[in-house]
Amino acid sequence: MLALNLRTVELYDRLRADGVEFEMHDDGLLVAFLDEQGLQSEFAELRKVERYGFPAPQRLGRDAVRTLEPSLADQVVGGMLLPAERHVQPRSLSLGLMRHLERAGVEFRSHTSVDGFDLRNGKIAAATAQRERIGGDLFVLTAGVWTRRLAAMVHVPLPLEAGKGYSLMLPATGEPFRHALYFGDTKVVLSQYRDELRIAGTMEFSGYNATLDTRRVQGLRKAAARYLRAELPDERGQAWTGMRPMTPDGLPVIGRLPGVENAFVSTGHSMNGVFMAPVSGEALAELILDGKTRADIGAFDPRRFVRH
Ligand SMILES: Cc1cc2nc3c(=O)[nH]c(=O)nc-3n(C[C@H](O)[C@H](O)[C@H](O)COP(=O)(O)OP(=O)(O)OC[C@H]3O[C@@H](n4cnc5c(N)ncnc54)[C@H](O)[C@@H]3O)c2cc1C
């Protein structure tokens, strides 16, 4: 995944150069820790990225981390700067891509839930959505964690589980944070956008459900507050929950759908769907158009879940 993701930033830049409008920040990611031991082990872990050509994380002591980010509380013992990291405003990215594709002639069908496939002689002839029939030459299953259900409709087992996460969007009222912040001990992230602040995290395995547990949202706010000198905005903000598509081996599922001649799949990106979107999309496009990919995506082959 790291080898493939070496091109992520370049491809995001290319999307922007191609006219996709979205909010992206390039001031790096600052990791902060309250516990020295935690910092040491995370630093050892993150240094591995160097092997794949990413810049090494810069280890920062108590004072250095606060010089970079004066909003951090005194309890923060140190941290790391990952200078090449970017962060995007997720809604702006989705909308930007959608508008760009619409201009290119792509038709979006919102609130249209695929509930079946017309499978004939090992080929999908059409997808069905309620009583509607949507024909096509080629089908790509990319319904996140729900891809499990869609693949089951054409008899392909994909053992995806929902890894529920939460986020809280607040208006950015105070002094802006200079970086996106990752609170290492609690694995909570704070992203500064132009007009908003987003706090996100948690990994909950409670099946497929969109129940918004307000205690979890409060937990995010509390976790972030422990690291900050400044108060977070008082407002209730906009809470959200989403289901990450998780696989048992932690790898995405990208490739031809086994046993179906004209179908492909791209899912299972767990916590990295935004990070990996451009490289996955590029690999999938190559596979569909050329029958092979430049990058080695053999480990993501959906056939690994099919019992022989
Ligand atoms: C709190 C949180 C924080 C995250 N932070 C990050 C991060 O910092 N960086 C990162 O890279 N990733 C992050 N992720 C993970 C990222 O959001 C996912 O990996 C990514 O959204 C997966 O993209 P996807 O398109 O495969 O699936 P989804 O985004 O889940 O999209 C699937 C789509 O398919 C639609 N669908 C479902 N069933 C059907 C059907 N039957 N017919 C038609 N359509 C259907 C759904 O409505 C949905 O629109 C985070 C996730 C959460 C929850």
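Reader: In what order do the three strands of the open sheet run?

Author: Keep in mind that this is a predicted model. The three strands make an open sheet, and their pairing is antiparallel. Neighbours in this sheet are turned by 30° against each other on average, ignoring direction. Reading across, the order is 6-7-8.

Reader: Which strands stand at the edges of that sheet?

Author: Look for strands that have a single partner strand. One side of such a strand is left without a neighbour in the sheet, because there is just that one partner. The two that fit are strand 6 (116–120) and strand 8 (132–135).

Reader: Which residue stands opposite Ala129 in strand 8?

Author: Start with the pairing of strand 7 (residues 123–129) with strand 8, which is antiparallel and covers four bridges. Then go to Ala129 and look across to strand 8. The residue facing Ala129 there is Glu132.

Reader: How are helix 2 and helix 8 set against each other: roughly parallel or roughly perpendicular?

Author: The axes of helix 2 (residues 8–17) and helix 8 come within 8 Å and cross at roughly 80°. Angles of 65 to 115 degrees count as roughly perpendicular. So helix 2 and helix 8 are roughly perpendicular.

Reader: And which residues of helix 8 make the contact with helix 2?

Author: Helix 2 brings Thr8, Leu11, Tyr12 and Leu15 to this contact. By class, the contact has six nonpolar, one polar and one charged residues. On the helix 8 side you'll find Phe275, Pro278, Val279 and Glu282.

Reader: How many residues does domain 2 give to the contact with domain 1?

Author: The domain assignment gives domain 1 (1–24 + 138–160 + 247–302) and domain 2 (29–84 + 167–244). Their centres, taken over C-alpha atoms, are 27 Å apart. Domain 1 puts nine residues into the contact, and the side of domain 1 that touches domain 2 divides into six nonpolar, two polar and one charged. From domain 2 the number is nine.

Reader: Why does the ligand lie between the two domains?

Author: Check who supplies the shell around the ligand. The elements giving two or more residues to that shell are strand 10 (161–171), strand 14 (238–246) and helix 8 (273–290). The ligand lies between the domains because residues of the shell come from both domain 1 and domain 2.

Reader: Which residues come nearest to the ligand?

Author: There are 22 residues around the ligand. By class, this shell has 10 nonpolar, 11 polar and one charged residues. The ones that come nearest are Gly144, Gly165, Gly242, Gly273 and Val274.

Technical notes:
Residues are numbered from 1 along each chain as its sequence is written. This is a predicted model: local features need pLDDT of at least 70, side-chain atom pairs count only at pLDDT 80 or more; totals for chains, interfaces and linings use all residues. A residue is near a molecule or strand if its C-beta atom, placed from the backbone, lies within 6 Å of it. Ala, Val, Leu, Ile, Met, Phe, Trp, Tyr, Cys and Pro count as nonpolar, Asp, Glu, Lys and Arg as charged, and the others, Gly among them, as polar. Domain bounds come from an automatic or database domain assignment. Axes are lines fitted to C-alpha atoms, for helices over the stretch in contact, and angles run from 0 to 180 degrees between N-to-C directions. Angles under 35 degrees count as roughly parallel, over 145 as roughly antiparallel, 65 to 115 as roughly perpendicular and the rest as oblique. Two residues are in contact if their C-beta atoms, placed from the backbone, lie within 7 Å. Two strands pair if DSSP finds at least two bridges between them.
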